[in-house]
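Thank you for making time this morning. Please have the sequence and the structure open while I talk, and stop me wherever something is unclear.

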Amino acid sequence: MSAIEIKGVTKKFGKFTAVNNLSLSIPENKIFGLLGSNGAGKTTTINMLTGLLLPDEGSIKILGMDALKDIEKIRQNISLVPQTISLYENLTIYENMEFFGGLYISNNQDLKQRIEDLLNIFHLLEKRNTKIMNLSGGYQRRCSIACSVLSNPKILFLDEPSTGIDIYTNKIIMDFIKSLENTTVIFTTHSIKEAEAICDYLVFLDRGEKVLEGSPKQIVKEYSKKIGEKIIIEFDISVDIEKVKDYLEKSDFNIRNLSSVGKSISFETLDIGNSVIDVMDSLKTLKSHFLNVDIIKPKLEDIFNLIMEERNENR
Amino acid sequence: MRIAKVIKKETFDFIRDKGFILTLILEPLVLILVFGYTFQADINHLNTIVIDKDNSNYSQQVLEAVDSSEYFNRINFSGTLEEAKDNLKSGGARAVFYIPPEFDNKLKNATKAEIYMYIDSSDYTIYNIIKGASGQVVKDSLQDIVKLIVTDLESERDIKQQRVNQIQDLVNGIEDKAKKTLDDISEIKLQDSLNSLKDLEDSLNALKSANPNLTTYINPILEKTEDMSVQIENYKTSAEEINKTSNELDQTYRDIQNRMDTIHLELKTLKKDFLSFPMDINKQYSYGEISYFQYLTPAILTLILFFIGVVLTTINIVDERNSKTLFRIATTPLKKWELLGSKFFVFFIVGIIEAVYVLLLAIFLFKVQIAGNILDAFIVLILLMAASIGLGLLVSSIVKTMRQAIMLVPLLIIPAVLISQTFSPIEVMPKFMQYVAYVSPMLYSNVALREIMIKGIGIEGVLTEVIVLGIYAIVTVLIGIWISKKRIE
């Protein structure tokens, strides 16, 4: 069963369409990344999924329940980590956790135990009695996430959780997210690298529209054929690089963007199998000994940028 | 229980904000001090110029009345009226009294006498105080002037009385002499003399008849007898005239005496009337003589609690909305009535503490008397606080940002203060504004608190206001919860 099913959802603010006819199916217990630039519709989508906003059109089902009719039941099973810290600044870490956890967990012993566990996981034990206002951004972010996972939600919404935090905090958060087993994580971020590293499934949004979706591997595989792969050949010191380059330039191999740096030659190709064979044969002919061959697949960032360029050209 | 956890959070969130707690302590203190000293301090000893062009005993009374008034401070001035007016413009004096020549003569001749007064009307409050105080000066000086007039009349009366007494002595002397004369020449005596002369005449005529030869001697005697008779007849007539004249003189004296008696009576009556003219009204205050500050105190208590109730609630909720904690909470199972109900509970407790604090400040700092039961006043203040929090809930559900809240809250509070009988009764407003005033919870609190604190009426006497405040609180809280959303839009 899908944790979340979105069909034809549209949300407008006046004349501005924030989300346009969006359909998604998010599988259970996976980390799902919502990517896009500013104003792409990520937060609006999250707000609709958490019941903070009502869609103008379309339907949303969360854990099999209608998001419009059964929102109170849904709220028992979901949790949101907002983009902003959204904690009570005059309260300590422990008091904030006690409050937010208390909204879900009625047994005080269970709650206390859960708080202790999360204080430990998020490395917050020593700061447990410090007011939020006296904490650094990293601690605040960790506390914010800890407050949202106290209830062991079935679906956890993380709206750009790595904004403005240090590398160490980011690692703690990412490790925690990866460790979640029975939770579907919906994760919005600007950082494609981060999404690529953590997400099982990705959706790229642009101006409220879905422009790409799939697992990171699927997306890269699919776009490798469209964008091409980069091949870097490192030669022995005795090889005349310019001669090799000149030979390859004059050949009719299916390669592009040929360049040389030091004792290396790089080029891109859409047909990696045939191109590599052709180049290798040529090198034998030239009696040029190579030391190493690297095949570099396209990055998600490149793919996204390409898509965005195409979309901007078409507008 | 979730609600207990929310109450705990609200309480902690509240008491940890030391700055805000300090504000809650200082705000009522500052407001009550400002109101207390602003409305309690009397404006007096205003520099005043008096120009006396009459220099009479009467004008002296005006000067003394000005000097004895606490509102005026007569400054040394020997210039002209125009120079005095310049002093008004420059602020050297706030008022000028000008007593024209002939002031005393006009009063003596029962002609209306005038004092000219020039007032600095640039300051509305001072202008009104001088207007009221000048009336007191006129009243005081008139009282002394009337006393002088009566004293003068009494002196005049005494002189006239002396002259009447002299006339009376003269009349008495004339009467005595006339009486003696009339005694001497009384009619009976004259008649007896006439009769004797008649007898003598008869005897002489008989003697003459008997002795004709004596005729020559008797006739001259008879002639003399006749002359005497005529003379006696004349005396008789004169006596009647004297008597008549004496009676007339007596009547004239009686008339004069009657006139004097009338003057006496008139003067007596005049004195009474004059002296009772500048009478003091014997004022009987139903609820004791209260100061303006005492009148204002219930309204100040109302204002402080209304302000705190509305502002505290609005700012707290808008602040939560701005910090997005409200949105985080909105995605949790917490129901909005649990959240807002908890907030209401905490603010209500804060309100109760504030109500006690404000009441104690008023009592101990400004010796404000509470004629009625302090608990009754307390009940009204608590209900007002509840209504104010309810109003704050309503406002906070309408405004979206702190900026909007800061602009809207004064827009709510300032008109509410002005239309709610804070400084003056609602009867001074146009009819339609009086109907608008009924929308303000402050009105009911002001009315109820004044009844309790000034008139000493019990809570049963202000049940209408208490019930309206209670309903107001319930309705605003319910509507506030109802229209507040668990959604962003």
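I will go through chain A, then a pair of helices in chain B, and finally the contact between the two chains.

Before anything else, please keep in mind that this is a predicted model. For chain A the pLDDT averages 90, and 100% of the residues score at least 70. Among the elements of that chain, helix α3, residues 93-102, has the highest mean pLDDT at 96, whereas helix α10, residues 272-286, has the lowest at 80.

As for its general make-up, chain A holds eleven helices and 14 strands, and of its 315 residues 42% are buried. If we take the contacts in chain A between residues at least 6 apart in sequence, 70% of them join residues at least 24 apart.

Let me now turn to one sheet of chain A. Here four strands form an open, antiparallel sheet in the order β12-β13-β11-β14. Why do β12 and β14 of chain A each have one side without a neighbour in the sheet? Both strands, β12 at 256-261 and β14 at 290-296, stand at the edges and have a single partner strand each, so one side of each is left free of a neighbour. On average, neighbouring strands in this sheet are turned by 15° against each other, with direction ignored. Within the sheet, strand β11, residues 229-235, and strand β13, residues 264-269, both of chain A, run antiparallel and are joined by six bridges, and A:I233 stands opposite A:I265 in β13(A). Helix α9 of chain A, residues 241-250, packs on the sheet and touches β11, β12 and β13 of chain A, its direction making about 175° with that of β12(A).

In chain B, I would like to show you helix α9, residues 292-322, and helix α12, residues 374-398, which pack at an angle of about 35° with their axes 8 Å apart. The crossing of α9(B) and α12(B) is right-handed. Among the residues that meet there are B:L305, B:F306 and B:G309 from α9(B) and B:M385, B:S388 and B:G392 from α12(B). Which classes of residue make up this contact? The residues of α9(B) and α12(B) that meet divide into 14 nonpolar and seven polar, with no charged ones.

Finally, the contact between the chains takes 23 residues from chain A and 20 residues from chain B. On the chain B side, α1 (2-15) and α10 (325-330) each supply at least two residues, and α1(B) gives the largest share, with five. The residues on that side of chain B comprise ten charged, six nonpolar and four polar.

Definitions and conventions: Residues numbered from 1 in each chain as written. Chains lettered and ligands numbered in written order. Predicted model: local features only at pLDDT ≥ 70, side-chain atom pairs only at ≥ 80, totals over all residues. Contact = placed C-beta atoms within 7 Å. Nonpolar A, V, L, I, M, F, W, Y, C, P; charged D, E, K, R; others polar. Pairing = 2+ DSSP bridges. Axes fitted to C-alpha atoms, helices over the stretch in contact; angles between N-to-C directions. Buried ≥ 20, exposed ≤ 12 C-beta atoms within 10 Å, placed from the backbone. pLDDT = per-residue confidence, 0-100. Left-handed = near helix turned anticlockwise from the far one by under 90°.
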